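Student: I am new to this model and would like a close look at one part of it, the strand pairing. Please take it step by step.

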Amino acid sequence: MRVFTLFIVLCLYCISSIAQPIKLDEIAGVVGNEIVLMSDIQIQKNQIIMQGGFQNISDCEVLEEILFEKILLNQAKVDSLEVSDDMVNGELDKRLDMFVRQIGSVQALEEYYGKSVSEIREDFFDVLKDQLLVQRMEGDVTSEMNITPSDVQAFYTSIPVDSLPFVSASVEFAMIAKYPKPNRDEIDRVRSRLREFKERAEQGKDDFETLAVLYSEDPGSAAKGGSLGLKPRGTWVPEFDATAFGLSDGQISFPFKTDYGWHIMHMVERRGEFYDANHILLIPKISNAELNNAKHELDSIRVIMLRDSISFAFAASKFSNDERTKNQNGLMVNPATGSTIFQMDQLEPSLFMAIDTLEAGQVSKSFYFQGLNREKGFRIVKLVNRTEPHRANLVDDYQSLQSMANEMLRGEKMDQWVRHKINLTFVKIKDEYQTCTFKYPWLSSPE
């Protein structure tokens, strides 16, 4: 199992290394048609340390990780694997956006390094394309793996009892949610208010930013005058991009709707695929009567289920407004793990209180909550399963053990593949690294 991963995240050190190249451009090694420079080793080593990795990591360890990546890259090119320019650009947008958040702004990035965003993109395009090829090659190597229950059993029995992980109390649950919709009069009120803000800003009666501070209901941007910052296409919801790329600099949009509410947008500046905009969000209010109707509807559904007239799964698919769960029997998926298991301390308070007193199979009374997009509603939950704190076992923790076994088998598969490819690939390593103790037989490969 590799100690760390070399898929480079766009980082301060990487960009500074472009602005101020490390003068170690001797060849440290060759794998097939791929070259490893001395500078590659130092850049990777410094990056690992800066990201809080192993402080005492040696040049030999870093070199082996680069060799590992290079043999995958070399084989990807031999096998004619491809990644599209669109895929590279999309991933580059995400990483650039992350780095802009770290350094503060696009302008600060460009000023500090004396390069435009387009020049930085050009510098990183080929590097990132190689990384994506490496990922694809690694995926191809392990794509035919099919972990079986016997594999999980073997993995579990290979762990000494006193080394089995201790698992906290956990639950699996399903839910049915009702989000009442605002009435037409309320929507009209919000749209009319936003049109008023648009007119006041366009006529110079108020600054757009002042209106955002005073009236916007977006807690993340209101205090900043509604500023979204300079971000690439795809950062925000699709409706934002559609609106933004239909505006000229300085123009203010008409009201438009997203899952969060109704907005108007002021285009500050568009720069290629990036745009800097301010917005004002107003959220149509849900009346108490509409909320009460949602609660009564859920209470009625619960009564029918308790009489065994319909199943929870059927009721979820038929009546729930929650798109994430309604087509999977109401089951909630933990976004942190991808499984249906939640640790009790991961639950928000209202959900914890509703589940804490339930037995497996029981359905809670309806209770108020706010969804991911701050929509107000009521829900009922069914406790599917509960486990108390315990040592991991195959009955209660099969999903977690399956994931751990899969990771181990993937590592073993990659180890076998690399050892086999080394025997078939030209590898040459600089003399000063000949005394390194490597995990793989790089030094005995054909030359």
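Student: In which sense do β10 and strand β11 pair, and over how many bridges?

Tutor: This is a predicted model, in which local features need pLDDT of at least 70 and side-chain atom pairs count only at pLDDT 80 or more, while totals for chains, interfaces and linings use all residues. Residues are numbered from 1 along each chain as its sequence is written, and side-chain values use heavy atoms, without hydrogens and water.

Strand β10 covers residues 367-370, and β11 covers residues 376-387. The two pair in the antiparallel sense, over 4 bridges. Strands here are DSSP runs of E with at least two residues, numbered from the N terminus; two of them pair if DSSP finds at least two bridges between them. Within this pair, F369 of β10 stands opposite G377 of β11. F369 also belongs to the covered face of β10, together with F367. The uncovered face holds Y368 and Q370. (Buried means under 20% relative accessible area, exposed over 50%, partly exposed in between, with a 1.4 Å probe and protein chains only.)

Antiparallel pairing also appears in an open sheet of 4 strands, in the order β5-β8-β7-β6. Its edge strands, β5 (227-232) and β6 (256-258), each pair on one side only. Neighbouring strands of this sheet are turned against each other by 45 degrees on average, direction ignored; the axes are lines fitted to C-alpha atoms, and angles run from 0 to 180 degrees between N-to-C directions. At the β5 edge, 4 bridges join β5 to β8, residues 274-282, and these two strands run antiparallel. One bridge there links S227 with N278 in β8.
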